[in-house]
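Visitor: I should like to learn how the features of a protein model are read. May we look at one together?

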Amino acid sequence: MKARVHVMLKTGVLDPQGEAVRHALGALGFEGVNGVRQGKVIELDLADGTKEPQIAQMCEKLLANTVIESYRIELL
């Protein structure tokens, strides 16, 4: 079984990497990009029968810093 975890900074948390990407796109001539938020995607190859609450525990304990990041689990 596979799962994909999408981790993003919460709204209101400064995103210096996203801002650097937005600035670089402008420097390359791409106009109209008003904001960029950068996150990460983690793909997990799990044993069959792994339940979503167990994946959520993985996120809460290691994969996401839940003080400043939110996550979304996608079962594949």
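Guide: We shall go from the overall fold to the charged side chains. Please keep in mind that this is a predicted model.

Visitor: Which helices and strands make up the protein chain, and in what pattern do they follow one another?

Guide: One begins by listing the elements of secondary structure and then reads them in order. Here the protein chain has two helices and three strands. Along the sequence they form the pattern β-α-β-α-β. The radius of gyration of the protein chain is 16 Å, whereas the globule rule gives 11 Å for 76 residues, so the chain is more spread out than a compact globule.

Visitor: What box do the C-alpha atoms fill?

Guide: Taken along the principal axes, the box is roughly 50 × 25 × 15 Å.

Visitor: How many of the residues count as buried, and what does the chain expose?

Guide: A residue counts as buried when its relative accessible area is under 20%. Of the 76 residues in the protein chain, 20% meet that description. The chain exposes about 5500 Å², and carbon and sulfur atoms supply 55% of this area.

Visitor: What share of the contacts joins residues 24 or more positions apart?

Guide: One considers the contacts with a separation of 6 or more. In the protein chain, 67% of these are made by residues 24 or more positions apart.

Visitor: How many positive and negative side chains are there, and where do the centres of the two sets lie?

Guide: There are 9 positive and 10 negative side chains, and the two centres lie 4 Å apart.

Visitor: How many salt bridges are counted?

Guide: A salt bridge requires a side-chain nitrogen of Lys or Arg within 4 Å of a carboxyl oxygen of Asp or Glu. By this rule there are three salt bridges.

Visitor: Which residues are linked in a network of salt bridges?

Guide: The network links R4, E43 and E74. Between R4 and E43, the closest N and O atoms are 3.0 Å apart. This pair links distant parts of the chain, with R4 in strand β1 (residues 2-9) and E43 in strand β2 (residues 39-45), 39 residues apart. R4 also meets E74 in a salt bridge, at 3.8 Å from N to O. Here E74 belongs to strand β3 (residues 69-75), and the two partners are 70 residues apart.

Visitor: Are the members of this network buried or exposed?

Guide: One compares each relative accessible area with the cut-offs: over 50% is exposed, and a value between 20% and 50% is partly exposed. R4, at 23%, is therefore partly exposed. E74 has 24% and is likewise partly exposed, while E43, with 55%, is exposed.

Visitor: Where do R22 and E19 lie, and how far apart are they in the sequence?

Guide: Both are in helix α1 (residues 16-27), three residues apart, which is about one turn of the helix. R22 and E19 form a salt bridge in which the closest N and O atoms are 2.4 Å apart. R22 is partly exposed at 25% relative accessibility, and E19 is partly exposed at 41%.

Visitor: Where is D15 placed, and which side chain of opposite charge is nearest to it?

Guide: D15 is in the loop between β1 and α1. D15 is buried yet has no salt bridge, and the nearest side chain of opposite charge, R37, is 4.3 Å away. Leaving aside residues up to four places away in sequence, D15 touches L9, V36, R37 and Q38.

Key: Residues are numbered from 1 along each chain as its sequence is written. This is a predicted model: local features need pLDDT of at least 70, side-chain atom pairs count only at pLDDT 80 or more; totals for chains, interfaces and linings use all residues. Side-chain values use heavy atoms; hydrogens and water are left out. Helices (H or I, at least four residues) and strands (E, at least two) are DSSP runs, numbered from the N terminus. The radius of gyration is taken over C-alpha atoms; the globule rule is 2.2 Å times the number of residues to the power 0.38. Buried means under 20% relative accessible area, exposed over 50%, partly exposed in between (1.4 Å probe, protein chains only). Contact means heavy atoms within 4.5 Å. Accessible areas come from the Shrake-Rupley method with a 1.4 Å probe; for residues, only the protein chains shown count as cover. Lys and Arg count as positive and Asp and Glu as negative; His and the chain ends are not counted. The place of a charge is taken as NZ of Lys, CZ of Arg, CG of Asp or CD of Glu.
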